[in-house]
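Welcome to a short tour of a protein chain. Keep the picture open beside you while you read, and try each question before moving on.

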Amino acid sequence: WLKPEPRRAIPLPFDLEAAIAHGRVLDAMSFAKQMVIDCRGHLLGRLASIIAKELLNGQQVVLVRCEDVNMSGSLYRAKLKYANFKR
């Protein structure tokens, strides 16, 4: 008989398992009361897409240390986008 192939976890873009191991995600259980995410060191766009998906599923999300999030791209472009946002 053929043995079924073991199921493998699908890795998230910011490696949730490693974040849990290092204490960066304090509560990552599905549909827990609140999901607390440490934003330090993550890329802004990728983190935003993960958070948006959780919010659309009805999960409560709390973000900490958002001032240390990484933004890629040129500084000039980021300044223009921020100035346009402030209008």
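Does Arg65 count as buried, partly exposed or exposed? At 38% relative accessibility, Arg65 counts as partly exposed. Please keep in mind that this is a predicted model.

**The overall plan**

Let us step back and look at the whole chain. It contains three helices and two strands. If you walk along the sequence, you meet these elements in the pattern α-β-α-β-α. Of the 87 residues, 17% count as buried. The accessible surface of the chain comes to about 7700 Å², and 59% of that belongs to carbon and sulfur atoms.

How much of the contact count comes from residues 24 or more positions apart? Among contacts in the chain with a separation of 6 or more, such pairs account for 61%.

**The nonpolar core**

Which residues make up the largest nonpolar core? There are six of them: Met35, Ile37, Cys39, Leu47, Ile51 and Val61. Strand 1 (35-38) and helix 2 (44-56) each supply at least two residues of this core.

Leu47 is a good residue to click on. Its place is in helix 2, and at 4% relative accessibility Leu47 counts as buried because the cut-off for that word is under 20%. Leaving aside residues up to four places away in sequence, Leu47 touches Ile37, Cys39, His42 and Val69. Two of these names, Ile37 and Cys39, also appear in the list of core residues. Leu47 and Ile37 are 10 residues apart in sequence, and their C-alpha atoms are 9.6 Å apart in space.

**A look at strand 2**

Now find Val62, which lies in strand 2. Val62 counts as partly exposed, with a relative accessibility of 30%. Which residues does Val62 touch, not counting those up to four places away in sequence? They are Gln34, Met35, Val36 and Ile37. Val62 and Asp38 are 24 residues apart in sequence and 8.7 Å apart in space, C-alpha to C-alpha.

**Two salt bridges**

Side chains of opposite charge can pair when their charged atoms come close. How many salt bridges does a search of the whole structure find? The search finds two, and the table sets them out.

| Salt bridge | N to O distance | Relative accessibility |
|---|---|---|
| Arg65 and Asp38 | 2.5 Å | Arg65 38%, Asp38 7% |
| Asp68 and Arg40 | 4.0 Å | Asp68 33%, Arg40 43% |

Take the pair of Arg65 and Asp38, whose closest N and O atoms are 2.5 Å apart. This pair links distant parts of the chain: Arg65 is in the loop between strand 2 (61-64) and helix 3 (75-86), while Asp38 is in strand 1, 27 residues apart. The two partners also have unlike surroundings, since Arg65 counts as partly exposed and Asp38 counts as buried. Arg65 has one more feature to notice: its phi is positive, about 55 degrees, although Arg65 is not a glycine.

In the other pair, the side chains of Asp68 and Arg40 meet at 4.0 Å, N to O. Asp68 lies in the loop between strand 2 and helix 3 and Arg40 in the loop between strand 1 and helix 2, so the pair ties together parts that are 28 residues apart in sequence. Asp68 counts as partly exposed, and Arg40 is partly exposed as well.

**Two cysteines without a bond**

A disulfide is a covalent bond between the sulfur atoms of two cysteines. How many disulfides does the structure hold? The number is zero. Cys39 is in no disulfide, and the nearest cysteine sulfur, that of Cys66, is 3.8 Å away. Why is there no bond between Cys66 and Cys39? Their sulfurs are 3.8 Å apart, which is too far for a bond, because a disulfide needs the sulfur atoms to be within 2.5 Å. Cys39 counts as buried at 2% relative accessibility, whereas Cys66 counts as partly exposed at 36%.

**The last helix**

Finish the tour at helix 3. Helix 3 has 12 residues and reaches 17 Å from its first C-alpha to its last, close to the 16 Å expected at 1.5 Å a residue. How many of the 12 residues of helix 3 are buried? The count is zero, and helix 3 is hardly covered.

Note on methods
Residues are numbered from 1 along each chain as its sequence is written. This is a predicted model: local features need pLDDT of at least 70, side-chain atom pairs count only at pLDDT 80 or more; totals for chains, interfaces and linings use all residues. Side-chain values use heavy atoms; hydrogens and water are left out. A nonpolar core is a set of buried Ala, Val, Leu, Ile, Met, Phe, Trp, Tyr and Cys residues joined through side-chain atoms within 4.5 Å. Buried means under 20% relative accessible area, exposed over 50%, partly exposed in between (1.4 Å probe, protein chains only). Helices (H or I, at least four residues) and strands (E, at least two) are DSSP runs, numbered from the N terminus. Contact means heavy atoms within 4.5 Å. Accessible areas come from the Shrake-Rupley method with a 1.4 Å probe; for residues, only the protein chains shown count as cover. The expected span of a helix is 1.5 Å times one less than its number of residues.
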